[in-house]
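Trainee: Before we accept any label in a structural description, could we go through some of them one at a time and ask what each one rests on?

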Amino acid sequence: MDNTYNIGIDLGGTNIRGGLVNENTLQGILSRRINSQESVEEVLEELFSLTDQLINNSVTSIGIGVPGLVDVEQGIVFDVINIPSWKEVPLQKWMQDRYHLPVIINNDANCFALGEFYFGKGKGCNSMVGLTIGTGLGSGLIINKKLYSGKNCGAGEFGMADYLDKCYEYYASGQYFTNVYKTDGEVVFKKAVEGNDQAIKMYEEMGTHLGNAIKTITYALDVELIILGGSVRHAFPYFSKTMWQQLKTFAFQKSIEDLRIEVSVLENSGVLGAAALYNDLNK
């Protein structure tokens, strides 16, 4: 058994989570809240503090997923969502200067896809999309068994593509309930579980929009597998029927017949995917 570890870190707007990953094992998972309104240096110190607790002599690399754009080659993070001070942060340099290890930075949706590919339902597939459905609609692409990020981690941002009078994210994510019905998605989910017809109808409508988003993804990529992550995935039974109904209007039904759509059951997929960044880059 390999006795080396990679550190994976998932940096969010309210929490940082990290762990040690060895082959198929996640160890030492840590989580801490951060104040998203802090300065660049204060948030960085929170990141250092968590990493300090994980680092040891068996660690060979550090991978970090962030909710924003990243210059992958330079390791510079731009406009991190929910951390206003992080406009342009040379995170890779600062981490490497402190820990003297290879540090790879990528977008959190890409890390979700990579985590599923190496450790979850994507194991063994050739090409897949990890689609995160929460307060937004993000995606990560695995093409020919390798993560494809684009130059600024902007590849596969289907949520931002024009759709109706807005974009897919407006209608095919948790935003839908606020944008269209002025209500909270968690409230809608609770009511749907209780059997409320109106709440279920809202999910069915969202499922139609999500089906259209998946059609666009499939026209562009024709992958074998799409894995749904994010908080809205828990409501899959309420929107899966209308999603598939919409996919029946796809022009090339052979692609739809061969397409698998799965719901993630993997815990800490973002941390696992971040830990896999170095190996994926160098394979």
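**Charges, rings and strands**

Mentor: Let us start in helix 2, where Asp-97 and Lys-93 form a salt bridge whose closest N and O atoms are 2.8 Å apart; please keep in mind throughout that this is a predicted model.

Trainee: Why is the contact between Asp-97 and Lys-93 called a salt bridge?

Mentor: The cut-off asks for a side-chain nitrogen of Lys or Arg within 4 Å of a carboxyl oxygen of Asp or Glu, and the closest N and O atoms of this pair are 2.8 Å apart, so the label applies. Both residues lie in helix 2, four residues apart, which is about one turn of the helix.

Trainee: What makes Asp-97 and Lys-93 count as partly exposed?

Mentor: Partly exposed lies between under 20% for buried and over 50% for exposed; Asp-97 has a relative accessible area of 44% and Lys-93 has 47%, so each of them falls in that middle class.

Trainee: How many salt bridges does a search of the whole structure find, and which residue pairs with Asp-52?

Mentor: The search finds eight, and one of them joins Asp-52 to Arg-98, with the closest N and O atoms 2.8 Å apart. Because Asp-52 lies in helix 1 (residues 40-54) and Arg-98 in helix 2 (residues 91-99), this pair ties together parts that are 46 residues apart in sequence. Asp-52, at 35% relative accessible area, is partly exposed, and Arg-98 is likewise partly exposed at 37%.

Trainee: How do you know that the charged end of Arg-98 sits over the ring of Phe-48?

Mentor: The distance part of the rule asks for CZ of Arg within 6 Å of the ring centre, and here the charged end is 4.3 Å from the centre of the Phe-48 ring. The rule also sets an angle to the ring normal, and the contact is listed as one in which the charge sits over the ring.

Trainee: Why is the pair of Arg-260 and Glu-262 still called a salt bridge?

Mentor: Its closest N and O atoms are 3.4 Å apart, which is within 4 Å, so the criterion is met. Salt bridges that share partners then join Lys-121, Arg-260 and Glu-262 into one network.

Trainee: What makes the aromatic pair of Phe-117 and Tyr-118 edge-to-face?

Mentor: Ring centres must lie within 6.5 Å and planes over 60 degrees apart count as edge-to-face; here the centres are 5.2 Å apart and the planes stand at 80 degrees, so the name follows. Phe-117 is buried at 8% relative accessibility, whereas Tyr-118 is partly exposed at 23%. Tyr-163 and Tyr-171 are also an edge-to-face pair, with 5.8 Å from centre to centre and 85 degrees between the planes. Both Tyr-163 and Tyr-171 are buried, and they belong to one aromatic cluster that includes Tyr-168 and Phe-177.

Trainee: How do you know that strand 2 is paired with strand 1 and with strand 3?

Mentor: Pairing needs at least two bridges; six join strand 1 (residues 5-11) to strand 2, and seven join strand 2 to strand 3 (residues 25-33), so both pairings qualify. Both are antiparallel. Val-21 of strand 2 is the bridge partner of Asn-6, and Val-21 also stands opposite Leu-26 in strand 3.

Trainee: What makes strand 2 mostly covered?

Mentor: Six of the eight residues in strand 2 (residues 15-22) are buried.

Conventions:
Residues numbered from 1 in each chain as written. Predicted model: local features only at pLDDT ≥ 70, side-chain atom pairs only at ≥ 80, totals over all residues. Heavy atoms only, no water. Buried < 20%, exposed > 50% of the residue type's maximum accessible area, 1.4 Å probe, protein only. Helix = DSSP H or I, 4+ residues; strand = E, 2+ residues; numbered from the N terminus. Phe/Tyr/Trp six-rings, centres within 6.5 Å; stacked < 30°, edge-to-face > 60°. Lys NZ or Arg CZ within 6 Å of the ring centre and 35° of its normal.
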